[in-house]
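Colleague: I have a new model open here and would like to go through it with you. Can we begin with the open spaces in it?

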Amino acid sequence: MSFMTCGPNEAMVVSGCFHRRPLLVPGGRVFYLPGLQTLQKLSLSTMTFQVETSNVYTKKGVQISVTGIAQLKIDGQKEDMLAKACQQFLGKREREIHNIALQTLSGHQRAIMGNLTVEEIYQDRESFNKHVFETASADLASMGMVVISYTIHEIHDSCGYLKALGESRTAEVRRDARMGEAQATMESGIKASSNSFWSDINYSNTAAIQRQKIVAEETKVKEIERHQQIQIQEQEILRKQKELDAKVKQPALAEKYKKEQLAQGAAMMIQNEAEAEATSIRFKGEAEAAAISAKAKAEAEQMRLKAEAWQQYQDAALVDMVLQALPQMVAEVATPLTQSTKGIKLVSCGGDNAHVGASKLTGEVLDIVERLPQVVNNMTGVDLSKALGGKSQHRSHRQKSKEKLGTGDSAD
């Protein structure tokens, strides 16, 4: 068993065995069992806060800053308040407790500033202090804390509104002082000169002069008031301009920037798609051009080989081509004649060697064929008779042609 004490600015909390609820001991002594019970301490010292709320818009939209001084402490006199404080802050460091309380006070101070005008806060500070004190006390009581005091330390703004109010009030005080002085001077002058005629005249003159001074002072005061009113209006215009910028201009600029970024993204996407399509078309065109070029090279190579063959063989090549085409030429010549024998009767023109019928047509076809070497020689310069090796070869070729024509006649 251990024995522990604490000062009047602390509270001890014993929890664990033999206690259904934690034992609260504010400023005293207690026995506890280490290992079976836990002992914790909670500070009951007074905490001082500097509550700063900057750039808060008041009821009429004027932006001001207020600094307040507040003193708080955990209420150790009431067991229920101490129990609430233990639930909220036990085990926390003093800096963490300080920050929680400061945020609570700052929030209440800001909220009350937003519900009052600058004149109400500036001219009736006691009422403002009372509002903050009562509102914060009700909220902090749920945390086991009590507000000892609260007061405004400083009020200032960045737009000159408070300065304009002070100058206006100063001008009013000066006006009242001058008017009172003039009135007193006028009354004393009237009393001093009331015994004689000249005194009456002096009184009248003095009264007129004093009235002129009063009128002049009133004119000066009105001029100062008008000047102060103009300054207040200028500050109000500046405030509305800032409010307009915050609510209209800045969102419009943000929306404009968003649309510009979206348009740039869409344009970039279209450009990328066009570049991809152009690349695809270029690759396809290059492939087609390569294929056409390869085909053209192959055809050119084939033509070159043919040209070399023609140049090498010359007459032999021409003879070979003519011989390959000769049967087809003979067939083309004989076809019209063979078709014309159908339904036509031929009459001999007389003589012992005269032929009639199919033999006459065959002779005519052979005459045409015999003229073909001369036609080829005229067109190409090649002598088929020499190329074919003389008359024997020529007659052999002619006999083959006759046999071919005879076969064609018998077929008809």
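Modeller: Before that, a word on terms: a pocket is an open set of grid points where a 1.4 Å probe fits, with protein on both sides within 12 Å along at least five of seven lines. Please keep in mind that this is a predicted model.

Colleague: Fine, so what volume does the largest pocket have?

Modeller: The volume of the largest pocket comes to about 290 Å³. Its lining is made up of 16 residues, and those closest to the centre are Arg21, Pro22, Leu24, Glu79 and Ala83.

Colleague: Which elements give two or more residues to that lining?

Modeller: Those are strand β3, covering 23-26, and helix α1, covering 79-89, with α1 supplying the largest share, namely six residues.

Colleague: And how do the lining residues divide into nonpolar, polar and charged?

Modeller: Nine of the lining residues are nonpolar, three are polar and four are charged.

Colleague: Changing topic, which residues form a nonpolar patch on the surface?

Modeller: That patch consists of Met1, Phe3 and Phe31, which together have about 390 Å² of accessible area. Phe3 belongs to strand β1, residues 2-5, and is partly exposed, because its relative accessible area of 41% falls between the 20% limit for buried and the 50% limit for exposed.

Colleague: One more: what is the phi of Asn55 near?

Modeller: Phi of Asn55 is near 55°, which is a positive value in a residue other than glycine. Asn55 sits in strand β6, residues 47-57.

Colleague: Is Asn55 buried, partly exposed or exposed?

Modeller: Asn55 is partly exposed, with a relative accessible area of 45%.

Technical notes:
Residues numbered from 1 in each chain as written. Predicted model: local features only at pLDDT ≥ 70, side-chain atom pairs only at ≥ 80, totals over all residues. Heavy atoms only, no water. 1 Å grid on protein atoms, 1.4 Å probe; cavity = no way out; pocket = protein on both sides within 12 Å on 5 of 7 lines; lining within 4 Å. Points joined across faces, edges and corners; volume = space filled by probe spheres on them. Helix = DSSP H or I, 4+ residues; strand = E, 2+ residues; numbered from the N terminus. Nonpolar A, V, L, I, M, F, W, Y, C, P; charged D, E, K, R; others polar. Patch = residues over 30% accessible without salt bridge, like charges linked within 9 Å, V, L, I, M, F, W, Y side chains within 5 Å. Areas by Shrake-Rupley, 256 points an atom, 1.4 Å probe, with all protein chains shown as cover. Salt bridge = Lys/Arg side-chain N within 4 Å of Asp/Glu carboxyl O. Buried < 20%, exposed > 50% of the residue type's maximum accessible area, 1.4 Å probe, protein only.
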